[in-house]
Structure formats: structure tokens, C-alpha cells
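Reader: I am new to this structure and would like to go through it step by step. Could you show it to me before I start asking?

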Amino acid sequence: MPTPSLASLPIRRLTLRDLAACADLSEDRGWPREEHKWGFLLTAGKGYGIEDPDGGLVSACVVTEYGPQERPALAAIGMVLVAARHARQGVGRRLMRHVVSAMGTTPLTLHATPYGRPLYEELGFKVTGRAEMVCGRFTPDGTQPAVTTRAATAEDLAAMLRLDEQAFGTDRTHIVTRLPAFADQLRVAEQDGRIIGYAAAWPNMDTHVVGPLIARDTSVAKALIASLAAHTDRPLRTDIDVRHTELLAWAKERGLASLAFNSVMTYGITELPGDWSRRFAPVTVAAG
């Protein structure tokens with residue numbers, strides 16, 4: 001039997017049954033396998049992929065929608081991968097064109113590496129921001145934070161959802177409600193009995209990723225990061241909006257080093273909704 005051409009291979013929806021194949025694809029491209037993150041994204045969002053007749057996946061990506069189910073207000077695209085043996089053959093472009101078409105008029109966003117950015121620009125995405133990835137072992141400064149933090153409880157959920165929607169600009173209930181199972185830590189900051197920020201730390205290989213990080217201001221964001229660090233022996237990793245210069249400088253003073261920069265890109269909108277001043281880090285760059 002002749003081998004089908006890449007252009008003729010169908011694009012299909014991915015499910016949790018494809019988790020191992022997605023992790024294999026990550027490993028094939030030199031990324032960590034990240035099964036925990038893939039599982040979260042495939043259940044909270046929609047996976048798209050091209051199956052390889054010889055086994056595994058030729059390509060994959062995940063789309064996470066936000067807002068009303070019948071008319072999403074925003075969708076984030078992430079984990080766009082093409083198997084090394086099929087690279088530079090237009091596969092990623094074809095998959096992305098399919099996803100953009102499938103999303104119709106829904107505004108889109110993604111975090112692009114310098115390598116991926118030219119493809120997304122070709123498809124009509126515009127750079128509207130930047131995020132800096134920092135990672136390292138957090139060193140406390142020995143002072144007592146002025147902001148009170150504690151572990152989140154079920155009773156905090158409604159307040160967290162209100163705060164999150166104000167900062168993110170649209171409803172993320174299906175993400176926030178999954179955090180207790182996905183993350184090893186979920187903490188809130190409060191003042192006078194009112195929640196003024198929250199953050200999660202979820203396991204990724206040998207690190208804990210801090211995200212989402214939603215806070216009233218920089219002092220609250222600092223207190224949440226410090227409280228998460230105090231309850232783990234792993235290095236912390238997070239992706240901070242570069243406009244938060246004070247938080248980035250503080251994180252580096254506390255031991256987190258710069259690893260990379262990603263371009264925040266949008267399609268169909270000129271800027272992301274919500275209040276960026278309270279949105280410090282995404283749950284993961286793959287989901288916004």
C-alpha cells in the first residue's frame with residue numbers, strides 16, 4: 001500500500017485516549033512529556049491532531065475556549081507541535097489554518113516562541129504583548145509579608161471566580177474549578193475578609209509552575225508567590241507579563257532567573273480583554 005500524503009491525512013479531535021501520543025510528540029521535539037498538563041488541557045479544552053498511519057501523531061494542538069459555551073468570547077491556542085520527521089512540510093500551517101477556520105469569529109490568542117512566531121504572523125496573528133519565563137529556587141527575604149495568605153477552601157470559589165473574571169475579562173469557571181485537582185497548591189490573599197488575589201502551583205516535571213496568578217496589585221502578587229514557595233521544596237517557574245517590571249525584578253532578586261521570552265499574539269482583537277494590571281501570570285502559556 002502506498003503511504004498517504006501528509007496533505008491527505010485527516011485532522012481529527014483528540015481525546016484523553018490520545019494522551020500518551022501527545023506526550024510522545026512532546027518528547028519527540030525535545031520537550032518534557034508533560035502528561036499532567038496534557039491531561040488538563042485535553043479535558044478543559046479541545047485537542048486537534050493528525051494521526052500518523054505508522055503510529056502516533058504527525059501534529060497536535062489544543063484550543064481552550066472562554067466565556068459562554070455557545071459563543072466563546074476568547075480562545076487560546078497552545079501545544080502546537082509537529083513530529084520531527086514531518087517538520088518543514090507545511091503540517092503545522094495546515095493544522096493552524098484548520099483551527100482558525102473552526103473557531104470562526106471567536107477572537108484568538110497564543111504565546112509564540114521566536115521559532116513559531118513567523119508562522120502565526122503569516123496566518124494573521126499580531127504581537128500585542130510579551131511574557132518572560134523565570135525559574136529557580138525561591139529565596140525568602142526573611143521579612144513578614146504585609147498581605148495575609150492562606151490555603152483556598154471551597155467557600156472561596158465564588159469570590160475567586162468574580163476576581164478572575166474581572167482580571168481576565170471573561171468567564172473561566174471551567175478552568176478555575178479544575179485547579180483544586182490539577183494543582184498541588186491553591187492559595188488566596190485576603191484583606192478584611194475579602195479575597196484580593198489567588199494563585200496556584202501545579203507540578204511540571206521537577207518544578208512547580210505558578211499560574212494562574214491574579215492579584216489586586218504587585219504587593220499581593222509577591223505575597224502569593226512567597227507563600228507558594230514556602231510550601232514546596234521544588235524550584236518555581238512562571239511566565240510573567242513583562243509590563244509587571246517590579247514583580248519581575250523582585251522575582252530575580254529572590255532567585256528566579258530568566259529563561260525565555262514569548263510573544264503574546266492575538267487574532268481578531270487588538271488587545272486581550274480584562275485588566276492586565278491584575279493579571280500577572282497565565283495558568284499555562286498553552287491556555288492563557
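Author: What follows is a set of questions and answers on this model, which is a predicted one.

Reader: How many helices and strands does the chain have?
Author: The chain is built from both kinds of element, and the strands among them include β3, which covers residues 57-66, and β12, which covers residues 257-267. The full count for the chain is nine helices and 13 strands.

Reader: What is the radius of gyration of the chain, and what does the globule rule give for 288 residues?
Author: The C-alpha atoms fill a box of roughly 70 × 35 × 35 Å along the principal axes. The globule rule gives 19 Å for 288 residues, and the chain comes close to that value, so it is as compact as a globular protein of that length. The radius of gyration of the chain is 19 Å.

Reader: Among contacts between residues at least 6 apart in sequence, what percentage join residues at least 24 apart?
Author: An example of residues that are distant in sequence is the pair serine 263 and alanine 131, which are 132 residues apart along the chain and 6.5 Å apart in space, C-alpha to C-alpha. For the chain, among contacts between residues at least 6 apart in sequence, the share that joins residues at least 24 apart is 71%.

Reader: How many residues of helix α8 are buried?
Author: Helix α8 runs over residues 218-229, and its end C-alpha atoms are 16 Å apart, which agrees with the 16 Å that its 12 residues should span at 1.5 Å a residue. The helix is mostly covered, and its buried residues include Val220, Leu224, Ile225 and Leu228, with Lys222 also among them. Of the 12 residues of α8, the number buried is 10.

Reader: Which residues of helix α2 are buried?
Author: Helix α2 spans residues 35-44, and seven of its 10 residues are buried, so it is largely enclosed by the rest of the structure. Two residues of this helix, Lys37 and Leu41, are touched by threonine 284, and threonine 64 touches Leu41 and Ala44. The buried residues of α2 are Lys37, Trp38, Gly39, Phe40, Leu41, Leu42 and Ala44.

Reader: Is threonine 284 buried or exposed?
Author: Threonine 284 belongs to the segment after β13, and, leaving out residues up to four places away in sequence, it touches Lys37, Leu41 and Trp202. Its C-alpha atom is separated by 26 Å from that of arginine 194, which is 90 residues away along the chain. A residue counts as buried when its relative accessible area is under 20%. Because the value for threonine 284 is 4%, this residue is buried.

Reader: What is the relative accessible area of threonine 64?
Author: Threonine 64 sits in strand β3, and its contacts beyond four places in sequence include Gly45, Leu74, His174, Ile175 and Ala287. Threonine 64 is buried, and its relative accessible area is 1%.

Reader: Which residues is serine 263 in contact with, leaving aside its neighbours within four places in sequence?
Author: Serine 263 is part of strand β12, and it is buried, with a relative accessible area of 10%. Leaving aside neighbours within four places in sequence, its contacts are Leu110, His111, Ala112, Arg117, Val127 and Gly129.

Reader: Where is the loop that holds aspartate 192, and what is the phi of this residue?
Author: Aspartate 192 lies in the loop between β8 and β9, and it is exposed, with a relative accessible area of 78%. Although aspartate 192 is not a glycine, its phi is positive, at about 50 degrees.

Reader: What is the phi of methionine 205?
Author: Methionine 205 has its place in the loop between β9 and β10. This residue is not a glycine, yet its phi is positive, with a value of about 55 degrees.

Reader: Which two residues does a cis peptide bond join?
Author: One of the two is found in strand β10, which covers residues 207-215. The omega of the bond is about -5 degrees, and the residues it joins are glycine 211 and proline 212.

Reader: Is glutamine 69 buried or exposed?
Author: Glutamine 69 is placed in the loop between β3 and β4, and it is 31 Å from proline 32, C-alpha to C-alpha, with their positions 37 residues apart in sequence. The cut-off for an exposed residue is over 50% relative accessible area. With a value of 77%, glutamine 69 is exposed.

Definitions and conventions. Residues are numbered from 1 along each chain as its sequence is written. This is a predicted model: local features need pLDDT of at least 70, side-chain atom pairs count only at pLDDT 80 or more; totals for chains, interfaces and linings use all residues. Side-chain values use heavy atoms; hydrogens and water are left out. Helices (H or I, at least four residues) and strands (E, at least two) are DSSP runs, numbered from the N terminus. The expected span of a helix is 1.5 Å times one less than its number of residues. Buried means under 20% relative accessible area, exposed over 50%, partly exposed in between (1.4 Å probe, protein chains only). The radius of gyration is taken over C-alpha atoms; the globule rule is 2.2 Å times the number of residues to the power 0.38. Contact means heavy atoms within 4.5 Å.
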